[in-house]
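Trainee: I would like a close look at the charged side chains of this model. Please take one acidic residue and its surroundings as the starting point, and then turn to the ion pairs.

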Amino acid sequence: MGFLSGLFGKKEAPKRQLDHPNKLLKGDMITFDDSFALPTQLRGQQLKVEGIHTYEYQRSQLCEFLLRGHSGSAIYLSYIKEDEPYLSISMKINRAEVEQLFDLEAFAEIFEEPGKATLSVQTLPSELSAEWDKWLSDEYHQVEFGCFGYFHRQDYRDLKPPQNDDDARGEGFEGYSLVNSDDSHAVDIEVYESGDTEVMLTLYRPLTDIREYWPAS
């Protein structure tokens with residue numbers, strides 16, 4: 001028996017096939033295309049999945065991947081499954097950056113009924129323009145007002161998040177979104193029950209922008 005075992009050896013377990021964003025797990029890596037249509041934070045960059053989160057809404061859930069590369073900047077990636085599936089790629093900006101990009105009075109109108117605000121990007125100094133140019137569109141119109149949901153710092157793909165345990169219910173928030181005229185760029189805002197506000201610049205891109213997948217195991 002030992003002779004046969006040594007002769008044929010042990011079969012290796014099949015390697016995990018990773019060829020789609022929905023299959024990503026913590027520790028996996030992806031490489032983005034080097035297209036000049038992408039911002040410098042993404043163009044040709046290899047990013048690692050550091051965390052997997054879940055957005056829970058009344059009738060839907062959305063999985064979000066937290067990615068980081070050599071720059072250390074956090075990138076948030078989601079796969080949107082519609083008639084034409086696409087990637088939603090976001091980067092958070094702080095209050096000082098919001099003030100530099102947008103007029104604050106116009107920005108405040110996003111939170112006022114009936115939720116039909118428009119937002120234009122201010123003229124930026126050259127150094128900021130180089131950093132944010134591909135993340136921005138000239139003008140946005142509001143499409144979402146006070147949409148309530150829960151944010152979970154866990155992966156609930158194919159699972160329903162806890163509904164009864166307050167400690168596991170997630171962080172409640174209201175969502176506000178604006179998009180540009182050709183639905184390629186967005187500004188997404190989340191106002192949490194704690195009072196924290198997150199502002200994100202978002203790109204909608206084809207799945208082919210991910211050129212390579214690198215499974216962690």
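Mentor: In this predicted model, Glu109 has a relative accessible area of 42% and is therefore classed as partly exposed. Its place in the chain is the loop that runs between helix H3 (104–108) and strand S6 (118–120). On the surface, Glu109 belongs to a patch of negative charge, together with Asp103, Glu105 and Glu112. The 42% accessibility of Glu109 fits the patch criterion, because a member must have over 30% relative accessible area and no salt bridge. Glu109 is thus an acidic side chain without such a partner, since patches are made of residues that form no salt bridge.

Other acidic side chains do have partners, and the model contains 9 salt bridges when a side-chain nitrogen of Lys or Arg must lie within 4 Å of a carboxyl oxygen of Asp or Glu. Three of these pairs can be set beside the patch.

One of them joins Arg16 to Asp28, with 2.5 Å between the closest N and O atoms. The two residues are 12 positions apart and link distant parts of the chain, although both Arg16 and Asp28 lie in the loop between helix H1 (2–8) and strand S1 (29–32). Their surroundings can be read from accessibility: Asp28 is buried, at 0%, whereas Arg16 is partly exposed, at 25%. The assignment for Asp28 follows from its 0% value, because buried means under 20% relative accessible area.

A second pair connects two strands. Lys92 and Glu198 meet through their side chains in a salt bridge, at an N to O distance of 3.5 Å. Lys92 belongs to strand S5 (residues 86–93) and Glu198 to strand S10 (residues 197–205), so that the contact links distant parts of the chain, 106 residues apart. Both partners are partly exposed: Lys92 has a relative accessible area of 32%, and Glu198 has one of 24%.

The third pair lies within a helix. Arg95 forms a salt bridge with Glu99, their closest N and O atoms being 3.2 Å apart. Both residues are part of helix H2 (residues 95–101), and because they are 4 residues apart, about one helical turn separates them. Arg95 counts as exposed, at 60% relative accessibility, while Glu99 counts as partly exposed, at 38%. Although Glu99 has a relative accessibility of 38%, its salt bridge with Arg95 rules it out as a patch member, because patches are made of residues with no salt bridge. Glu109, by contrast, is a member of the negative patch.

Terms used:
Residues numbered from 1 in each chain as written. Predicted model: local features only at pLDDT ≥ 70, side-chain atom pairs only at ≥ 80, totals over all residues. Heavy atoms only, no water. Patch = residues over 30% accessible without salt bridge, like charges linked within 9 Å, V, L, I, M, F, W, Y side chains within 5 Å. Areas by Shrake-Rupley, 256 points an atom, 1.4 Å probe, with all protein chains shown as cover. Lys, Arg positive; Asp, Glu negative; His and termini not counted. Charge placed at Lys NZ, Arg CZ, Asp CG, Glu CD. Buried < 20%, exposed > 50% of the residue type's maximum accessible area, 1.4 Å probe, protein only.
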